[in-house]
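The following exercises ask for the strand pairing and the helix packing to be worked out from the coordinates shown below.

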Amino acid sequence: MTSIKRGTWFFIFVLGVFTAITCEFTTQLTYLHVVSHIAILTAAHFALVFPPEELLDGLGLTLFDLFTILYNSRQHDFVEYAAKRVAFFHAFVAFYPCVIAAYFVHGNILMTAADTRRFPSVLDYPWMWFTVLFVALIANGYYCIRIKDYKKWPIYQYYIDNPDCVNEAQTVIADPETFRIKLSQRSFLFVTRNFLVYTSNWRFMAVKLADVRLQVDNTRMPMLPNQDEEERIRSIFVKVSFRPAYITPFTITLRQDYYRQLNEILEVPIFVPPHINVPLTFMEELKEDFIQRIASNTRVTHRVKASEKDPCFACGTEENMVKIERSCDGQEQRVFFHDIGARFTPPCENCICRPLWCRSCLAQIFIGRQNIDNVYRYEYHRGSAQCPTCRKNFCIRDVHCVDFDYISEEN
Ligand SMILES: [Zn+2]
Ligand SMILES: [Zn+2]
Ligand SMILES: [Zn+2]
């Protein structure tokens with residue numbers, strides 16, 4: 001695989017240089033040309049750094065692939081290799097101003113038509129671009145030299161204070177028993193009972209768990225409904241901070257199932273601040289999803305005397321009331337989930353029952369009717385249920401949050 005990658009990169013490099021030196025320009029560019037060229041250069045530069053997954057990645061054309069060609073992980077220990085990788089990525093991004101300046105210099109040098117300038121007047125300052133390129137190259141060179149010496153990085157202080165961690169990291173990664181999570185195409189987390197390794201293109205750490213603090217920062221439901229199942233799993237943002245502040249805290253995003261598994265391994269579970277709710281069961285998770293979905297349905301106004309306002313018919317609390325009122329077109333067939341799979345149910349009907357429900361109770365009633373298993377759990381909202389009091393069918397679009405309109409007590 002590496003030899004294929006090497007060949008591809010070599011080919012691109014040679015082709016790039018060859019193309020660049022054999023250009024001959026005879027016409028002046030418009031502003032639109034220049035803007036689109038810069039946009040293409042920018043996109044290409046950053047597509048190498050943040051490759052669209054499976055596209056460039058499959059071809060071995062990402063910056064990471066280039067890095068693996070230049071540095072063989074077997075020749076370096078983990079800390080050294082990870083540090084080189086982080087430095088390489090930062091240096092490449094910092095190289096961007098050079099690319100843009102080089103574009104202008106290249107255009108000026110290879111313009112062959114006499115008395116015609118390559119760039120529109122506002123940008124036509126060849127010497128300025130030469131200077132910019134020169135300065136950018138010097139600055140980039142200086143930056144590279146400065147970050148190259150990873151032993152001066154704050155994180156490296158940790159390995160000076162804890163020299164055993166360098167070897168420990170190696171062992172943890174090599175051990176097939178280690179719990180590992182692929183956070184993204186190039187970011188990995190390795191966890192054992194007492195050691196944690198995190199590695200990505202932008203940062204790395206290999207530390208004793210006793211020296212870090214993991215705390216839930218936020219949780220997020222996937223935004224769009226009807227994504228594929230994997231995408232529908234909630235993300236948990238976990239803030240990772242060092243106890244001696246060797247590096248600034250950062251946040252990793254864990255899928256909820258990984259979050260649960262990770263918590264089983266850790267001696268000290270990930271801390272959840274009181275104001276954050278991490279649903280621990282599927283039911284809780286789906287209930288929250290149900291509540292989010294019905295929030296986008298229209299609201300209904302419920303006229304009632306203040307003294308006659310009834311609490312939720314199921315649990316007796318009064319907050320966040322909802323009402324079943326048919327508002328789907330009633331024609332479409334609803335899917336009903338039960339043990340042997342999905343089957344269709346009759347269309348929704350008009351429920352005119354007086355009792356109101358709270359969001360949580362109706363969510364429970366609705367989801368409970370679906371008999372969903374793991375396979376179907378994110379399809380539950382396509383199902384229907386029956387009103388607990390009149391047995392009429394309703395679907396999720398027929399559930400509306402209630403605004404109360406209090407009428408005079410006298411009537
Ligand atoms: Zn209730
Ligand atoms: Zn009813
Ligand atoms: Zn309906």
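**Exercise 1: the sheet with β5, β6 and β7**

Which residue is the bridge partner of Leu 214 in β6? Find it, and then place the strands in their sheet.

Solution. The bridge partner of Leu 214 in β6 is Val 240. The model is a predicted one, in which local features need pLDDT of at least 70, side-chain atom pairs count only at pLDDT 80 or more, and totals for chains, interfaces and linings use all residues. Residues are numbered from 1 along each chain as its sequence is written, while chains are lettered from A and ligands numbered from 1 in the order in which they are written.

Step 1. Strands (E, at least two residues) and helices (H or I, at least four) are DSSP runs numbered from the N terminus, and two strands pair if DSSP finds at least two bridges between them.

Step 2. β5 and β6 (residues 235-242) are joined by eight bridges in the antiparallel sense, within an open antiparallel sheet ordered β5-β6-β7.

Step 3. Because β5 (212-220) and β7 (250-255) each have a single partner strand, they stand at the edges, and one side of each is left without a neighbour in the sheet.

**Exercise 2: the sheet with β1 to β4**

Determine the strand order and identify the bridge partner of Val 197 in β4.

Solution. Step 1. The four strands form an open sheet in the order β1-β2-β3-β4, with antiparallel pairing.

Step 2. β3 (residues 195-199) pairs with β4 over five bridges, and in β4 the partner of Val 197 is Ala 206.
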